[in-house]
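Student: I have the model open and would like to go through the reasoning behind its labels. Can we start with the interior?

Tutor: Yes, ask away.

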Amino acid sequence: MNAPLPAEVLKQHLIDPEICIRCNTCEETCPIDAITHDANNYVVDPDICNGCMACVPPCPTGAIDNWRLVARAEAHSVHDQLGWEELPKEQAPPIAAGSESPAAAGEPPPAPAAPAAPGAAVPPWSAAHPYVNLYTHKTPMTATVVGNYRVTGADTDSDIHHIVLDFGELPFPVLEGQSIGILPPGLDAQGRPHHARQYSLASPRDGERAGYNNLSLTVKRVTEDHAGAAAHGVCSNYLCDLVKNDKVQVIGPFGHTFLMPNHSRANLIMICTGTGSAPMRAMTERCRRRIDAGENGKLMLFFGARTERELPYFGPLMKLPPDFIDINLALSREAGQPKRYVQDLIRDRAAKVLELLADRNTCIYVCGLKGMEVGVLDALRDVTVQSGQDWSILHDALRREGRLHFETY
Ligand code: NAP
């Protein structure tokens with residue numbers, strides 16, 4: 001059993017700068033703003049962090065889950081951490097722990113409970129073992145571009161590309177739902193190398209082309225910020241402009257929870273917007289390639305985009321047989337049609353969603369815009385409550401059993 005620490009000892013929360021891909025997830029998640037960053041590192045302020053752990057499950061790499069016992073008076077400062085290239089080595093505890101009771105030692109009160117994360121912190125029980133962090137900032141892998149195609153209508157503002165990267169002879173084992181980091185060339189405004197940008201795989205574990213050592217990404221060219229002002233996305237523009245045989249620096253793979261179940265007859269409810277469709281394409285393609293084995297469960301897809309022509313992979317998606325996948329398109333700006341979001345369609349299809357939710361072999365995946373998280377949870381709660389069930393009990397079970405996963409930005 002862990003003895004309580006004396007008051008003068010701190011279990012300091014640190015982020016591993018060698019593994020961190022600077023995706024900002026931890027800073028967004030921290031409920032008390034204890035995490036900050038500069039152009040070099042993401043760091044935890046020891047004066048603010050209360051060890052609530054809210055940031056730990058969403059971190060795609062595990063870089064966030066590092067702790068050192070230090071004398072409280074000698075805690076690693078924010079300033080020191082911002083300059084680190086690597087974590088300091090583990091030291092022997094500064095004082096033998098557990099010699100006093102928490103009260104006698106003036107132990108601070110336990111940290112307040114973190115708000116529950118909407119999704120699971122564990123993968124489905126039957127998910128395959130993922131490899132993570134095989135290639136890092138210090139040891140990136142060089143991939144070769146073997147394809148770069150636009151997958152949205154040429155007359156639309158949504159310039160979304162399907163990019164295929166080949167790894168040649170080097171191993172790069174991945175699973176559907178994992179992501180990789182791309183290191184764009186050049187320097188940022190502070191003269192430092194650009195940070196890695198994270199993209200989900202759009203291809204299944206056996207390659208974009210089955211049996212080849214390659215994978216694909218779905219990348220939207222960023223030309224404006226969230227407020228609609230002109231902005232040049234460093235990595236998205238770099239990737240969308242690549243041509244065949246260009247070389248790309250890659251790190252990863254990342255992600256150990258947003259993984260598909262591996263057992264037969266598992267059902268998938270996939271809910272996505274825009275380029276959040278990448279992992280859904282990977283999972284759908286994994287199932288499509290094994291149709292003949294007869295082991296697939298039911299696949300249900302809710303896919304949101306502005307219009308059909310802005311929906312990536314619209315053509316190939318429409319060719320999939322209806323008895324293989326139940327496709328529901330939510331179009332928000334299609335001329336002459338009412339604005340629809342994925343959460344509206346979940347309510348429309350309540351009976352089928354409930355049937356799948358009642359089966360413990362069903363896993364739910366949500367990927368895309370951050371704003372959809374609340375809408376999708378509300379819709380799942382509404383359909384559950386309307387059928388007389390308690391959503392909080394079901395929600396807890398879905399999280400505990402690794403059956404509800406979010407990847408939103
Ligand atoms: P988008 O085109 O801006 O939006 C797609 C659709 O979602 C539109 O119909 C939009 O409707 C709708 N939408 C907006 N707010 C919504 C809400 N609160 N609830 C439900 N639907 C909503 O999408 P995008 O630019 O492709 O963005 C996709 C997101 O996925 C990005 O945040 C990206 O970072 C993330 N993502 C990408 C990857 C990848 O590998 N590339 C992986 C994971 C996640 P209106 O705009 O008409 O209101």
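Student: Which residues have the most contacts inside the largest nonpolar core?

Tutor: This is a predicted model. Its largest nonpolar core has 25 residues, and Ile271, Phe302, Ile346, Val353, Ile364 and Val376 have the most contacts inside it.

Student: Which elements give two or more residues to this core?

Tutor: Four strands are on the list: β11 (267–273), β12 (299–305), β14 (362–368) and β15 (404–408). The helices are α6 (342–348), α7 (350–357), α8 (372–386) and α9 (391–400). The largest share, six residues, comes from α8.

Student: What is Ile346 in contact with, leaving aside its neighbours within four places in sequence?

Tutor: Ile346 is in contact with Ile271, Phe302, Val353, Val376, Ala379, Leu380 and Val383. Contact here requires heavy atoms within 4.5 Å.

Student: What lies apart from this core?

Tutor: Another core, of 23 residues. Tyr135, Met141, Ile180 and Val248 are among them.

Student: Why is Ser236 called buried?

Tutor: Buried means under 20% relative accessible area. Ser236 has 5%, so Ser236 is buried.

Student: Where is Ser236 found, and what is Ser236 in contact with?

Tutor: Ser236 is found in helix α3, residues 234–240. Leaving aside neighbours within four places in sequence, Ser236 is in contact with Tyr199, Val219, Lys220, Arg221 and Val222.

Student: Where does UniProt place the feature "domain: FAD-binding FR-type"?

Tutor: The UniProt record, an unreviewed entry, places this feature at residues 138–260. Such annotations may be inferred rather than shown by experiment. In the model, that span is 6% helix and 33% strand. Its end C-alpha atoms lie 30 Å apart.

Student: How many cavities of 30 Å³ or more does a search of the whole structure find?

Tutor: Three. The largest has a volume of about 100 Å³. About 80 Å³ of space lies in the second largest.

Student: What makes a residue count as lining a cavity?

Tutor: A lining residue has an atom within 4 Å of a cavity point. The largest cavity is lined by 14 residues, of which Cys20, Ile21, Cys23, Cys26 and Cys59 lie nearest its centre. The second largest cavity is also lined by 14 residues; His13, Cys30, Cys49, Cys52 and Cys55 lie nearest its centre.

Student: How many residues of each class are in these linings?

Tutor: The largest cavity has 10 nonpolar, three polar and one charged residues in its lining. For the second largest, the lining has 11 nonpolar, three polar and no charged residues. Cys counts as nonpolar.

Notes
Residues numbered from 1 in each chain as written. Predicted model: local features only at pLDDT ≥ 70, side-chain atom pairs only at ≥ 80, totals over all residues. Heavy atoms only, no water. Core = buried A, V, L, I, M, F, W, Y, C linked by side-chain atoms within 4.5 Å. Buried < 20%, exposed > 50% of the residue type's maximum accessible area, 1.4 Å probe, protein only. 1 Å grid on protein atoms, 1.4 Å probe; cavity = no way out; pocket = protein on both sides within 12 Å on 5 of 7 lines; lining within 4 Å. Points joined across faces, edges and corners; volume = space filled by probe spheres on them.
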